[in-house]
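Biologist: Hi! Could you walk me through this structure? I'm new to this, so plain words please.

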Amino acid sequence: MPELVYPPVIAAARTMFRVLDLKITIEGAHHVPRTGGAVLASNHVSYLDFIFCGLGARGSKRLVRFMAKKSVFTHKISGPLMRGMRHIPVDRRAGAGSYAAAVRALKRGEVVGVFPEATISRSFTIKEFKSGATRMACAAGVPVLPVAVWGTQRLWTKGRPRTLTRRHTPITILVGEPMDPAAYPDANAMAADLRVRLNALVERAQREYPERPAGPDDAWWLPAHLGGTAPTPTEAAALDRA
């Protein structure tokens, strides 16, 4: 089927990035296979992560089909775009159908984007993982690539006002080496290694990020263990439960 929606959406997003002069750094894009199925497993710090994670696959000329909550597909504005880009709706009350749809897409040779933490991390550190990303990779026999995004939380994240017109913001996208499911005894072992690898990429992105908070009032986007005022993982978990 022809891609009538995805390419113009990407073009519009890239135009906006240029207008805002976002300082986007992408490393490791060559790891994304040019053909065949693959899972991109990204950390989650912003409502915009799917856009930037998808940019990591553009060098290989791949369009990523992201798994996203069903309500996004029923929204009057985002719904037609999400369906037109052939993303995969996730009904958390009936997850088996979403999982099966993702496996079918992988077996067709699609690249599927997943956020193993399931929800945005308020602490901006890696939360506990769901094993769905590695289970579907094992079922389809395709690699998993960890993807770290950083800086996107400064544009729009949970519990903070949107600053979508913020200019000159550095955004980092790091794509890790493919993980072959055949190298692991099961999906849980693969998920544990994926979390280690993704955490290392996120820590590298944080360490090498070119900006620091301008002052105490600007420290909210930096994790507590790095001197920022973001909630600690324990505090973030309490906020999620509330």
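Modeller: Happy to! Let's begin with a definition: rings of Phe, Tyr and Trp (its six-membered ring) count as a pair if their centres lie within 6.5 Å. Here, ring pairs link Phe50, Phe66 and Phe115 into a cluster. Please keep in mind that this is a predicted model.

Biologist: Good to know. How many aromatic pairs does the structure hold?

Modeller: Seven aromatic pairs. One of them is formed by Phe17 and Phe52, with 4.9 Å from centre to centre and 20° between the planes, and it is stacked.

Biologist: Where do Phe17 and Phe52 sit?

Modeller: Phe17 is in helix H1 (residues 6-20) and Phe52 is in helix H2 (residues 49-55). They are 35 residues apart, and the pair links distant parts of the chain.

Biologist: And are Phe17 and Phe52 buried or exposed?

Modeller: Both Phe17 and Phe52 are buried.

Biologist: Let's switch to the sheet. What is the order of its strands?

Modeller: The sheet is open, has seven strands and follows the order S1-S7-S6-S2-S5-S3-S4, with mixed pairing. At the edges are strand S1 (23-27) and strand S4 (88-90), each of which pairs on one side only. From one strand to the next, the twist averages 20°.

Biologist: What holds strands together in general?

Modeller: Strands of a sheet pair through backbone hydrogen bonds, and the pairing is either parallel or antiparallel.

Biologist: Okay, take S2. Which residue in S6 stands opposite Leu40?

Modeller: That would be Leu145. Strand S2 (residues 38-42) and strand S6 (residues 144-150) pair in the parallel sense, over four bridges.

Biologist: How many bridges join S2 to S5?

Modeller: Four, and S2 and S5 run parallel. One residue pair to look for is Ala41 with its bridge partner in S5, Val114.

Biologist: What about S3 and S5, how many bridges there?

Modeller: Three bridges join S3 to S5, and these strands run parallel too. Val64 has Val111 in S5 as its bridge partner. S3 also pairs with S4 in the parallel sense, over three bridges, and Ala68 stands opposite Pro89 in S4.

Biologist: Which residues of S5 are buried on its two sides?

Modeller: Val111 and Gly113 are buried on one side, and Val112 and Val114 are buried on the other, so to speak a strand with both faces covered.

Biologist: And how many residues of S3 are buried?

Modeller: Five of its six residues, which leaves S3 mostly covered.

Biologist: Which strands does helix H5 lie across?

Modeller: Helix H5 (residues 95-107) lies across S2, strand S3 (64-69), S4 and strand S5 (111-114). H5 runs at about 160° to S4. H7 packs on the sheet as well, touching S1, S2, S6 and strand S7 (170-175). The direction of H7 makes about 30° with that of S6.

Biologist: New topic: disulfides. How many does a search of the whole structure find?

Modeller: Zero. A disulfide is a covalent bond between the sulfur atoms of two cysteines.

Biologist: Why is there no bond for Cys53?

Modeller: Because the closest cysteine sulfur, in Cys138, is 19 Å from the sulfur of Cys53, and that is too far for a bond.

Biologist: Is Cys53 buried or exposed?

Modeller: Cys53 counts as buried because its relative accessibility is 1%. Cys138, at 33% relative accessibility, counts as partly exposed.

Biologist: Let me pick a loop residue. Where is Ser60?

Modeller: Ser60 is in the loop between H2 and S3. Its relative accessibility is 4%, so Ser60 counts as buried. Leaving aside neighbours within four places in sequence, Ser60 is in contact with Ala29, Val32, Pro33 and Arg34.

Biologist: One last residue: where does Glu211 lie?

Modeller: Glu211 lies in the loop between helix H7 (187-208) and helix H8 (233-241). With 29% relative accessibility, Glu211 counts as partly exposed. Not counting residues up to four places away in sequence, Glu211 touches Arg154, His168, Pro170 and Trp221.

Biologist: What joins the side chains of Glu211 and Arg154?

Modeller: A polar contact of 2.9 Å.

Biologist: Thanks, that helps a lot!

Terms used:
Residues numbered from 1 in each chain as written. Predicted model: local features only at pLDDT ≥ 70, side-chain atom pairs only at ≥ 80, totals over all residues. Heavy atoms only, no water. Buried < 20%, exposed > 50% of the residue type's maximum accessible area, 1.4 Å probe, protein only. Contact = heavy atoms within 4.5 Å. Polar contact = N/O pair within 3.5 Å; in protein donor to acceptor, adjacent residues only side chain to side chain. Pairing = 2+ DSSP bridges. Axes fitted to C-alpha atoms, helices over the stretch in contact; angles between N-to-C directions. Disulfide = S-S within 2.5 Å. Phe/Tyr/Trp six-rings, centres within 6.5 Å; stacked < 30°, edge-to-face > 60°.
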